[in-house]
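Q: Hi! I've just opened this one and could use a friendly walk through it. Can you help me find my way around?

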Amino acid sequence: FIGYICKIYKQQGKKFCSSHSINYLELEEAVLCSIQEEARKILTPKDISEIDKIQIENTLKIRYQQRIEQLQSEMDKIENYKRKTYDNLLEEIITKQEYVNYVNDYDKKIKDLQEQLQQVSEKISMQNEVDERYNEWIHAFKNYINIKHLTRGMVLELIDRIEVHEDGVIDIYYRFSNPFEK
């Protein structure tokens, strides 16, 4: 028998796991097929629609950037109003109480705009993170679309861990995943 036995059973005995194993060739074939399947997902019609999602999300990024510019412009305008209000106070066009009321209102508006600016910036950051994970996934698997033989290097690059259950079901956990697949 050339294969693998349960690590937990081997190290800790019957109390923690049952004795089960898998043939080396069966495991190799399952891993190879899984890698090929994951690699083929890159250029499937589903991924083309996901690329469309990316284009939509790039449009969202542009909108987010435009919103940031708009919020920044509004903040600048309010800061300018504050300066003019001070000038009005110095010229005794308004009273000190009116000045305080205006400045408080302006400060509230600026605070609201800063919160909105922070929210938009967080959305951009989240989108950048999704884009980065998608690019990592594509880069990791694009070279393995037509592989015929499994190598140790492939396994180390792509696979985080492999679990073989008592019933023979194999779960393969990759280091990278398509962030649009949930």
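A: Happy to; we can go through some side chains and how they pair up, keeping in mind that this is a predicted model.

Q: Great, let's start with Thr85. Where is Thr85 found?
A: Thr85 is in helix α3, which covers residues 45-90.

Q: And is Thr85 buried or exposed?
A: Thr85 counts as buried, because its relative accessibility is 4%, and the cut-off for buried is under 20%.

Q: What is Thr85 in contact with, leaving aside its neighbours within four places in sequence?
A: On that basis, Thr85 is in contact with Ile94, Tyr99, Tyr102 and Tyr106.

Q: Lots of rings there. How many aromatic pairs does the count come to?
A: The count comes to three aromatic pairs. One of them is Tyr81 with Tyr106: their ring centres are 6.0 Å apart and their planes meet at 35 degrees, so the pair is tilted.

Q: Which helices does that pair link?
A: Tyr81 belongs to helix α3, while Tyr106 belongs to helix α4 (residues 96-141). The two are 25 residues apart, and the pair links distant parts of the chain.

Q: Is Tyr106 buried or exposed?
A: Tyr106 is buried, with a relative accessible area of 13%. Its partner Tyr81 counts as partly exposed, at 36% relative accessibility.

Q: What about Tyr102 and Tyr106, what kind of aromatic pair do they form?
A: Tyr102 and Tyr106 are stacked, with 6.4 Å from centre to centre and 20 degrees between the planes. They are separated by about one helical turn, because they sit four residues apart in helix α4. Tyr102 counts as partly exposed, at 39% relative accessibility.

Q: Which residues form the aromatic cluster?
A: Tyr81, Tyr102 and Tyr106 form one aromatic cluster.

Q: Switching topic: how many salt bridges does the count come to?
A: The count comes to three salt bridges. In one of them, the side chains of Asp107 and Lys82 meet at 2.7 Å, N to O. Asp107 is in helix α4 and Lys82 in helix α3, so this pair ties together parts that are 25 residues apart in sequence. As for its surroundings, Asp107 is partly exposed, with a relative accessible area of 32%.

Q: Nice. What does Arg161 meet in a salt bridge at 3.0 Å?
A: That is Glu163, whose side chain meets that of Arg161 at 3.0 Å, N to O. Arg161 also forms a salt bridge with Asp160, where the closest N and O atoms are 3.8 Å apart. Salt bridges that share partners join Asp160, Arg161 and Glu163 into one network.

Q: Are those three buried or exposed?
A: Each falls in between: Asp160 is partly exposed at 45%, Arg161 is partly exposed at 39%, and Glu163 is partly exposed at 28%.

Q: Which ring does Arg161 lie over?
A: Arg161 lies over the face of Tyr173, at 3.8 Å from the ring centre.

Q: Which residues form a nonpolar patch on the surface?
A: Tyr4, Tyr24 and Leu25 form that patch, with about 320 Å² of accessible area together. Tyr24 lies in helix α2 (residues 24-40) and is partly exposed, with a relative accessible area of 34%.

Q: Last one: where is Ser21 found, and how far is its C-alpha atom from that of Asp167?
A: Ser21 is in strand β2, residues 21-23. The C-alpha atoms of Ser21 and Asp167 are separated by 9.9 Å, with their positions 146 residues apart along the chain.

Definitions and conventions
Residues numbered from 1 in each chain as written. Predicted model: local features only at pLDDT ≥ 70, side-chain atom pairs only at ≥ 80, totals over all residues. Heavy atoms only, no water. Buried < 20%, exposed > 50% of the residue type's maximum accessible area, 1.4 Å probe, protein only. Contact = heavy atoms within 4.5 Å. Phe/Tyr/Trp six-rings, centres within 6.5 Å; stacked < 30°, edge-to-face > 60°. Lys NZ or Arg CZ within 6 Å of the ring centre and 35° of its normal. Patch = residues over 30% accessible without salt bridge, like charges linked within 9 Å, V, L, I, M, F, W, Y side chains within 5 Å. Areas by Shrake-Rupley, 256 points an atom, 1.4 Å probe, with all protein chains shown as cover. Salt bridge = Lys/Arg side-chain N within 4 Å of Asp/Glu carboxyl O.
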